[in-house]
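Please open the model in a viewer and keep the selection panel at hand. The tour below proceeds from one selection to the next.

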Amino acid sequence: MALASQLSVTDDSAYGFITINAEIVSKKRKLAQNDDRFEVVMSVYSPKADSMDVGVSVLKLKTLELTLMSFCDSSTFVRTVNQIQVYEPTSIILPEAQSHSQIEKLKYIIHSNISDKVRERFMKAKVFNAFDGMNSLKLYTDINESTLGQVISNRKLSLAAANACIDYCVSTKMFRVTNKIRLKYCMCENTMLIDTCTVRDLELVDSLSETGTTLYSFLNCCLTKMGMRILRTSILQPSTHENSIILRSESVQELINDEDALISIRSSLKHTCDLEKVFSTFLEPRGLLSQEQEINNIILLKTVLQNTFVIRKSIQNVSSHLLVQVKQILEHENVQHLLAIINEYIRNDCQWANNSTELANQRANAVKSGVNGLLDVSRRIRETLLEEVSELVAKLSEELEIFMEYRFEISRGFFIKIKGNNTDINSLPEVLINRVKKRKTIECTTIELMKQSSRYNDIVSEITTLNSTIIHDMYTSINSYTPILLMVSEAIGTLDLLCSFAYFTSLQKDSYTCPEFAKEVTIMRSLHPILGGNNSNFVANNYSCNHELSRIHVITGANMSGKSVYLRQIAYLVIMAQMGCFVPAEYARMRIFNSLYSRISSDNVDINASSFSKEMSETAVILNDSDGDSLILIDELGRGSSLTDGFSICLAILEDLICKEATVITTTHFRDIAQVLANKSCVVTAHMQTVETNGQLEMKYNLVLGRNGIVGYGIRFAEVSNLLPQELIEDSKVVANILRSRKPVHGDKELKLLSRRRKLVLELYFALNYIPKLNCDMNYKIQLLQTLQSKFVEEINITPNTE
């Protein structure tokens, strides 16, 4: 039964959540194929790990364009299937059969979602090698090595897939080795692009220190492996599909409002095993599994299916769209059909086996009586034989007046155990043969027991053969239900994630709110999600972004005043909002960003030429890839170079980002940057508030509009630290005063005034358009207009002489 026949991704579910079609058709979906079109070779690779990371490489042989992509996929590999639909490959390259559930599931889903015209090719795992992939790209592209390193840095999965793709095309002579490939790297649709440097800087899933807290570990209240995988994917690739985000938020809100339902659902999820691992065992080749493993898997599947009824009962009264979808999947008739098939063949009292004795009994007795007449006869013979062995050993024990027990092992058959440290092995009767002295026992057997062992092995072999046929038929039947099983896995994982968000929010002492979505961003009294919850004195801050008036924020301030924390805070809020999670703020109206780039410095990292070169390389990637839908966070840009060069580079980069219309928040110690850009219509200057008290600087950690009026905070920190000689501090003050006394050149004052007035008019325009939309009485709107009028008149009449 093909996966595509049962699964479809709807517009309501761009997160990759799976819904059920009305009809279930047992055939593969046919992708549109043109027989005369050129070859397109796609290679797909996923590592042997518990993550859902996938690397994809697509080579269009007509244009010799090689497209690389890597992403965290959903449990049903929706994004991988989507790429197959987008590129319509003629050949798909996959790793050869491996005993790993995720890879087997990936191959099964791909096979179920391609037409018969698409060729599946399997290559050895060693061909999927990232190092060889890099060498292949160096050989078959004209890109220089340094540029190539920037483009594909930290993209090992797509490099591994690229090597297999190129190796296949070369070996099949699909293109000449003298041809040059055009390289392209793209992101997955409907998800935010967060590049690897940003993932590292923000510590989204891995901490830079051994004891650090990541966003993943902070948010993770999931109870199942499936929920944890979806959470990790959601953090690394937040959705850009507004309706899907809202659907998640609505479900989280419902669970927060109904605390009893939340507790009941989490209780039912508590003992849920890794369903993907269980379900994937039915995709593995049967030759890789012993019969005991097969029976154990079926019993475990039965337990899992029975548990879905408990989960289904806990969500019986839900109303939000996603929770209703989960309920519909768990109530699907095929779940009941599959459980009925298992109950038809497997005994109700059959449990998971943990040792060899239990496995032996399970192998013989797992299948119900009446399923196969020959099997029932063989079982009766086996039981009779065991009774005979028991009587034989009891009679021998009575005759020899020695306490005996018998055991059975597959390699040895039946044997006798005689307990006692004082028993002499040589004094035993001759009827007891093959004697072996153990620590506290003597093991032996008899000729009659050996004969019984032979008979027993024959009958067990017959039972095993009959059982194997029945189990094989069951595996075939269960395999046809794999699509609904994968749907159940993702449904329960999604339910766990939604409950995790609700439970996490309910535990927080600070105010968390459900974000709204619009073209502008307005965040009131927001906190850093990780630091704010652990610090009752954490200062809340605001953030506002209008595309025309304030998409560029230039923040100045003293060292340790909270600039870097503020950047991380905004990044976390954006990611959490686009995951469908509540955010720590009194009010949050968010914009959906398609990409997030951050370069956040660390004060404990040495500033040198190497770090400056790395900073420029990473900044070049941002300038190349960012656009009007990007959020860019840059901390202390240009600090690794000289004063003049760093200032010039910082200014030039910000000017370029202004032209790209990206949303930017940057911190800098170049105070003149804020003054140079202050009159740009889209630029807002702000600073982290610092108050001077008795010659000492006190950090308020509060973001305030305007430039920082305090100067020389670097020298003051050096003076307070007592690390430098006082004479050196005094000399530095003298030099600083001389440099400040020089008249800075900031351009023509008349032009600056004209630019500032244009900005005031633009601000007035947006304010006048916004006031009618306010939900308040007319008197309050009139007061706002009067205040706006007086402020505008006051500021527009400022002349160069009065500034």
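**Strand β19 and its partners**

Begin with Leu193, whose bridge partner in β19 is Ser595. This is a predicted model, in which local features need pLDDT of at least 70 and side-chain atom pairs count only at pLDDT 80 or more, while totals for chains, interfaces and linings use all residues. Residues are numbered from 1 along each chain as its sequence is written, and side-chain values use heavy atoms, with hydrogens and water left out. Helices (H or I, at least four residues) and strands (E, at least two) are DSSP runs, numbered from the N terminus; two strands pair if DSSP finds at least two bridges between them.

Extend the selection to strand β9 (residues 193-194), which pairs with β19 in the parallel sense over 2 bridges. Next, add strand β20 (residues 630-635), which runs parallel to β19 and is joined to it by 5 bridges. Within this pairing, Leu596 stands opposite Leu631 in β20.

Now display the side chains of β19 (residues 595-599). How many of its residues are buried? The strand is mostly covered, with 5 of its 5 residues buried (under 20% relative accessible area; exposed is over 50%, partly exposed in between; 1.4 Å probe, protein chains only). Ser595, Tyr597 and Arg599 point one way, and Leu596 and Ser598 point the other way.

**Salt bridges**

Side chains of opposite charge can pair when their charged atoms come close. With a salt bridge defined as a side-chain nitrogen of Lys or Arg within 4 Å of a carboxyl oxygen of Asp or Glu, the count comes to 17.

Select Arg599 and Asp195, whose side chains meet in a salt bridge at 2.7 Å, N to O. This pair links distant parts of the chain, 404 residues apart: Arg599 is in strand β19, and Asp195 is in the loop between β9 and α6 (196-201). Both residues, Arg599 and Asp195, are buried.

Move to Arg229 and Asp274, which form a salt bridge with their closest N and O atoms 2.6 Å apart. Here too distant parts of the chain are linked: Arg229 belongs to helix α8 (residues 225-236), and Asp274 to the loop between α10 (259-269) and α11 (275-280), 45 residues away. Arg229 and Asp274 are both buried. Then select Asp195, Arg200, Asp201, Arg599 and Glu618, which are joined into one network by salt bridges that share partners.

Glu104 and Lys107 form a further salt bridge (3.7 Å, N to O). They are separated by about one helical turn because they are 3 residues apart in helix α2 (residues 101-112). Glu104 counts as buried because its relative accessibility is 6%; Lys107 counts as buried because its value is 9%.

**A mixed open sheet**

Select the 4 strands that form an open sheet in the order β14-β18-β15-β16, with mixed pairing. Its edge strands are β14 and β16 (541-545), each of which pairs on one side only. Strand β14 (residues 516-517) runs parallel to strand β18 (residues 587-590), and 2 bridges join them; Glu516 has Arg589 as its bridge partner in β18. Strand β15 (residues 521-526) runs antiparallel to β18, with 3 bridges, and Ile523 stands opposite Ala588.

**A last stop**

Finish at Thr482 in helix α18 (residues 482-507). Is Thr482 buried or exposed? Thr482 counts as buried because its relative accessibility is 0%.
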